[in-house]
Amino acid sequence: MMRIGLFLLTNLAVLVVAGIILSLFGVGSYHGAGGLNLGNLLVICFVFGMVGSLISLFMSKWMAKKTTGTELIDPNAPRNQAESWLLQTVAELSQRAGINMPEVGIFPSYQSNAFATGWNKNDALVAVSSGLLERMNKDELRAVLAHEIGHVANGDMVTLALIQGVVNAFVMFFARVVGDFIDRNVFGRQDDEAPGMGYFIITMVLDIVFGILASAIVMWFSRYREYRADEAGARLAGKQAMISALLRLQAETEMPDQMPKEMKAFAIAEGKEQGFSLAALFQTHPTIEQRVAALHQLDCP
């Protein structure tokens, strides 16, 4: 129920904010007597695409805490040595990476995992699972934290949101252009007629099809940023420690994946597909083997 509520809340916010922006700029309907107004359509699609991504970005920390059950560590009153060590390690890594100290939290999950999120590099959240704390040694855990700090320092959350926004905009735009073309040339709608049911059905189908195809672009960047975060982890915590942490994660691949779907792209979890396949194009992460191989090629201690 919580996820449904968050989904509805996010979409309501998108409709309200996008509506206000379009009203302020005086952008009207993209359907006119002569057919599509491509200028208005492009602006509307861009506004809805970017507003949706940016609202999700600004809500990312709050949503991450809610969906994963992350409990923040009070920096002034850690409850045990593990929490003190986490705070000290994240503070040291953040300083070396040149960013402000993020919030630090622990979320309940037997699976070893971690994530970073936040709307900018100086207002972020880094969280680790209870299972990761239990089974990784301090060198491995430090490497995982360095990997997540790397995501924050690289600005990956912002870049991913911007790419997703642009992709969303073009998916909406081309779905409506193609839908209008088919409605007029196949179903015989005249330029002076309002769009029929065929147009709306075709557009909905094309939104889904184009959205699936375009997500391959977003997933490519998601995989690319994992390599960059692994490199940051290796440079901040040591290459061998980063490799050891990844191999530890690989040993747990048969465990049930407890990370919420909306947080998978931000976790350190591995991809499952080997080699080239259509499924591999839609993986958020490279495989552990690919990541370890890339680290072996890295010129750092």
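To begin with a definition: a residue counts as buried when its relative accessible area is under 20%, as exposed when that area is over 50%, and as partly exposed in between. T203 has a relative accessible area of 4%, and is therefore buried. I shall return to T203 later in this talk. Please bear in mind throughout that this is a predicted model.

Let me start with the chain as a whole. The protein chain contains 10 helices and six strands. It has 301 residues, of which 47% count as buried. Turning to contacts between residues with a separation of 6 or more, 68% of these join residues that are 24 or more positions apart.

I turn now to the record. UniProt, in an unreviewed entry, annotates residues 12-32, 38-58, 157-178 and 198-221 as "transmembrane region". What does the model show over residues 38-58? That span is 100% helix and 0% strand, and its end C-alpha atoms lie 30 Å apart. Residues 157-178 are likewise 100% helix and 0% strand in the model, with 32 Å between the end C-alpha atoms.

The span 38-58 coincides with helix α2, which has 21 residues. From first C-alpha to last, α2 reaches 30 Å, close to the 30 Å expected at 1.5 Å a residue. Which residues of α2 are buried? They are L41, I44, C45, V47, G49, M50, V51, G52, S53, I55 and L57. At the start of this helix, a side-chain oxygen of N37 comes to within 3.2 Å of the backbone nitrogen of G39.

Next, the sheet. Four strands form an open sheet in the order β3-β4-β6-β5, and their pairing is mixed. Its edge strands are β3, residues 71-72, and β5, residues 114-120, each of which pairs on one side only. As a general reminder, strands of a sheet pair through backbone hydrogen bonds, either parallel or antiparallel.

At the β3 edge, two bridges join β3 to β4, residues 103-107, and these two strands run antiparallel. Within that pairing, E71 has I106 of β4 as its bridge partner.

At the other edge, β5 and β6 pair over six bridges, also in the antiparallel sense. F115, for instance, has A127 of β6 as its bridge partner. The connection from β5 to β6 is a hairpin through two residues. Is β5, then, mostly covered or mostly uncovered? Although β5 is an edge strand, six of its seven residues are buried, and the strand is mostly covered.

A helix also packs on this sheet. Helix α3, residues 60-68, lies across β3, β4, β5 and β6, the last of these being residues 123-129. The helix runs at about 150° to β5.

This brings me to an annotated residue. For "active site", UniProt lists E148, again in an unreviewed entry. Where does E148 lie in the model? E148 is in helix α6, residues 138-153. Its relative accessibility is 0%, so E148 counts as buried. A polar atom of the E148 side chain lies 3.2 Å from the backbone nitrogen of A116. The range of edge strand β5 is 114-120, and A116 falls within that range.

Finally, I come to helix α8, residues 197-237, in which G198 is found. T203 and F221 have their places in α8 too.

I take G198 first. Why does G198 count as partly exposed? Its relative accessibility is 22%, and the class of partly exposed begins where buried, under 20%, ends. G198 and I182 are 16 residues apart in sequence, and their C-alpha atoms are 8.7 Å apart in space.

T203, with which I opened, is buried at 4% relative accessible area. Leaving aside neighbours within four places in sequence, T203 is in contact with A175, R176 and G179. A175 and R176 have positions that lie within the annotated span 157-178.

F221 is buried as well, because its relative accessible area is 6%. Not counting residues up to four places away in sequence, F221 touches D156, T159, L160 and I163. One of these, L160, is 61 residues from F221 in sequence, yet the two C-alpha atoms are 7.4 Å apart in space.

To close, I would recall two points. E148, listed by UniProt for "active site", is buried in this model. T203 and F221, both in α8, are buried as well.

Technical notes
Residues numbered from 1 in each chain as written. Predicted model: local features only at pLDDT ≥ 70, side-chain atom pairs only at ≥ 80, totals over all residues. Heavy atoms only, no water. Expected span 1.5 Å × (residues − 1). Buried < 20%, exposed > 50% of the residue type's maximum accessible area, 1.4 Å probe, protein only. Polar contact = N/O pair within 3.5 Å; in protein donor to acceptor, adjacent residues only side chain to side chain. Pairing = 2+ DSSP bridges. Contact = heavy atoms within 4.5 Å. Axes fitted to C-alpha atoms, helices over the stretch in contact; angles between N-to-C directions. UniProt positions renumbered as here; feature names shortened; annotations may be inferred.
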